[in-house]
Amino acid sequence: MDVKSNLRHINDRINEACKEKGRTPDEISVIAVTKYVSPERAQEALDAGVKHLGENRDSGLLHKLDILIDSRPVWHFIGTLQTRKVKAIIDHVSYIHSLDRLSLADEIQKRAKKPVDCFVQVNTSLESSKHGMTKEEVIPFVRKLSAYENIRIAGLMTMAPFTDDEEEIRSCFRSLRELRGEVQRLNQWNAPCSELSMGMSNDFTIAVEEGATFVRIGSSLVGNETGGGQS
Ligand SMILES: *Cc1c(COP(=O)(O)O)cnc(C)c1O
């Protein structure tokens, strides 16, 4: 399928989920996750009207940056971020979705020339394969970041577990939303925490129903191999 048709289908499903919950579709931004595909395929997404692109590796990001520069995508870094890679990407990304430790915050604080919108990544499923901090660690962590003027806590991010159990997925997303409320109640100057980055190809409708403001969609939008579509 071409990216345009995929996007139309995804937007239809977002609209349905919004209708169900009394939300407006404007509240939700689709991030096209282009980590598996070519710059040309990413360009197709931009041409179809996607404004946000997500990459999970510094190499993929830096490669596509130059090629896609004329379309001015908003870049999101969505993957595990090694501290030593911060310097290479920091001037190019608008959002980092994987802030999960103080050493990474230190490095962002040190390297950024202006405040960077960050998502605190939370392991809501407690699957050991998932990165992110536990829910209990989030509030103390956010408090510590009040001294970091180059970090703005834009929101929270999570990945749901690999399962067919819809209720299990839903409860992860719901717990992230509840945690967002707790962070907001801190009223911390650099933690507006208005966003929820949750939902991927297999679970984005549930995420939208539970309050997602950014969904990160790769395979069902641009495909998962160079030049490919959804199989
Ligand atoms: C790859 C990836 C996605 C997109 O996954 P799909 O299932 O292909 O939509 C979303 N978020 C993160 C963090 C990813 O690494």
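A pocket is taken here as an open set of grid points, computed over the protein atoms alone, with protein on both sides within 12 Å along at least five of seven lines. In this predicted model, the space taken by the ligand is the largest pocket.

The shell around the ligand is made up of Val33, Lys35, Ile78, Met157, Met159, Met200, Ser201, Arg216, Ile217, Gly218 and Ser219, and by residue class it divides into 6 nonpolar, 3 polar and 2 charged members. Three side chains of this shell place a polar atom beside an oxygen atom of the ligand: the distance is 2.7 Å for Lys35, 2.6 Å for Ser201 and 2.8 Å for Ser219. The ligand, which exposes 390 Å² when taken alone, has 89% of that area buried by the protein.

With regard to annotation, an unreviewed UniProt entry lists residues 42–224 under the feature "domain: Alanine racemase N-terminal". In the model, this span is 38% helix and 19% strand, and the C-alpha atoms at its two ends lie 12 Å apart. Ser201, whose polar side-chain atom lies 2.6 Å from a ligand oxygen, and Ser219, for which the corresponding distance is 2.8 Å, carry numbers that fall within the listed range of 42–224, whereas Lys35, with its polar side-chain atom 2.7 Å from an oxygen atom of the ligand, precedes the start of that range at residue 42.

Key: Residues are numbered from 1 along each chain as its sequence is written. This is a predicted model: local features need pLDDT of at least 70, side-chain atom pairs count only at pLDDT 80 or more; totals for chains, interfaces and linings use all residues. Side-chain values use heavy atoms; hydrogens and water are left out. UniProt positions are given in the numbering used here, feature names are shortened, and annotations may be inferred rather than shown by experiment. Helices (H or I, at least four residues) and strands (E, at least two) are DSSP runs, numbered from the N terminus. A residue is near a molecule or strand if one of its heavy atoms lies within 4 Å of it. A polar contact is a pair of N or O atoms within 3.5 Å; within protein, one must be able to donate a hydrogen and the other to accept it, and residues adjacent in sequence count only if both atoms are side-chain atoms. Accessible areas come from the Shrake-Rupley method with a 1.4 Å probe; for residues, only the protein chains shown count as cover. On a 1 Å grid over the protein atoms alone, a cavity is a set of points where a 1.4 Å probe fits but cannot get out, and a pocket is an open set with protein on both sides within 12 Å along at least five of seven lines; lining residues have an atom within 4 Å of a point. A molecule sits in a cavity or pocket if more than half of its atoms lie within 2 Å of its grid points. Ala, Val, Leu, Ile, Met, Phe, Trp, Tyr, Cys and Pro count as nonpolar, Asp, Glu, Lys and Arg as charged, and the others, Gly among them, as polar.
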